[in-house]
Amino acid sequence: MPSPPLAPDDDPIDIEHLQRMTLGDAGLEREVLAMFASQAISLMRELAAPSSDRRALVHTLKGSARAIGAFRVAEAAQFLEAVLQQGDDPSEALDELTDAVAGARTAIDEILRRS
């Protein structure tokens, strides 16, 4: 199997990465995309609650995003994770993550409709 690219493409979901991670199993691709979309909704809802453990939630989202090739989401989550660790105001970073998740979910919806 070829190595992943040094710089992921600019699409919300890196399909080549997803295919490598699922060994080209289209059914598995659809399944993990649907699971990620559902998980992302849940995690973003939990992130909105001030009492939540935001760093753990963001870390989970970052890992899941990397696994499916949603690298913009992973980068935005990593930025928010750093902001939270520094104790800075997370508003801007949370907005960036929200936008990245929305873009990934739109792409996932399109992929799932085509399948």
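## Starting at Ile13

Set aside the neighbours within four places in sequence, and Ile13 is in contact with Leu18, Leu33, Ile68, Gly69, Ala70, Ala104, Ala107, Ile108 and Ile111. Keep in mind, as you look around, that this is a predicted model.

## The nonpolar core

Where does Ile13 fit in the wider picture? Ile13 belongs to the largest nonpolar core, which has 32 residues. Together with Phe36, Leu61, Ile68, Val73 and Leu97, Ile13 is among the members that touch the most other members. Two or more residues of this core come from each of α2, α3, α4 and α5 (91–114). Which element gives the most to this core? That is α5, with 9 residues.

There is a general pattern to remember here: in soluble globular proteins, nonpolar side chains tend to be buried together.

## How α3 meets α4

Two packed helices are described by the angle between their axes and the distance between the axes. For helix α3 (residues 54–68) and helix α4 (residues 71–86), the axes come within 8 Å and cross at roughly 160°. Because of that angle, α3 is roughly antiparallel to α4. The crossing of α3 past α4 is left-handed.

On the α3 side, the contact uses Arg54, Arg55, Val58, His59, Leu61, Lys62, Ala65 and Arg66. Their partners in α4 are Phe71, Val73, Ala74, Ala77, Gln78, Leu80, Glu81, Leu84 and Gln85. Sorted by class, this contact of α3 with α4 holds 9 nonpolar, 3 polar and 5 charged residues.

## Two buried residues of α3

Lys62 is a residue of helix α3. Is Lys62 buried or exposed? Lys62 counts as buried because its relative accessible area is 11%, and the cut-off for buried is under 20%. Not counting neighbours within four places in sequence, Lys62 is in contact with Ala74, Ala77, Gln78 and Glu81.

Ser64 also sits in helix α3. With a relative accessible area of 19%, Ser64 is buried too. Once residues up to four places away in sequence are left out, Ser64 touches Phe36 and Gln39.

## How α4 meets α5

Now move along the chain to the pair α4 and α5. Their axes come within 8 Å and cross at roughly 160°, so α4 is roughly antiparallel to α5. Here α4 passes α5 in a left-handed crossing.

From α4, the contact is made by Arg72, Val73, Ala76, Ala77, Phe79, Leu80 and Val83. From α5 come Ala93, Leu94, Glu96, Leu97, Ala100, Val101 and Ala104. What classes do the residues of this contact fall into? They divide into 12 nonpolar, no polar and 2 charged.

## A look at Val83

Val83 is found in helix α4 and takes part in the contact with α5. Its relative accessibility is 8%, so Val83 counts as buried. Leaving out residues up to four places away in sequence, Val83 touches Asp88, Asp89, Pro90 and Ala93. Between the C-alpha atoms of Val83 and Leu94 there are 9.5 Å, and these two residues are 11 apart along the chain.

## Leu23 in a loop

Finally, find Leu23 in the loop between α1 (15–21) and α2 (26–47). Its relative accessibility is 68%, so Leu23 counts as exposed.

What is the sign of phi at Leu23? Phi of Leu23 is positive, near 55°, in a residue other than glycine. As a general rule, most residues other than glycine have a negative phi.

Key:
Residues are numbered from 1 along each chain as its sequence is written. This is a predicted model: local features need pLDDT of at least 70, side-chain atom pairs count only at pLDDT 80 or more; totals for chains, interfaces and linings use all residues. Side-chain values use heavy atoms; hydrogens and water are left out. Helices (H or I, at least four residues) and strands (E, at least two) are DSSP runs, numbered from the N terminus. Buried means under 20% relative accessible area, exposed over 50%, partly exposed in between (1.4 Å probe, protein chains only). Axes are lines fitted to C-alpha atoms, for helices over the stretch in contact, and angles run from 0 to 180 degrees between N-to-C directions. Angles under 35 degrees count as roughly parallel, over 145 as roughly antiparallel, 65 to 115 as roughly perpendicular and the rest as oblique. A crossing is left-handed if the near helix is turned anticlockwise from the far one by less than a right angle, and right-handed if clockwise. Contact means heavy atoms within 4.5 Å. Ala, Val, Leu, Ile, Met, Phe, Trp, Tyr, Cys and Pro count as nonpolar, Asp, Glu, Lys and Arg as charged, and the others, Gly among them, as polar. A nonpolar core is a set of buried Ala, Val, Leu, Ile, Met, Phe, Trp, Tyr and Cys residues joined through side-chain atoms within 4.5 Å.
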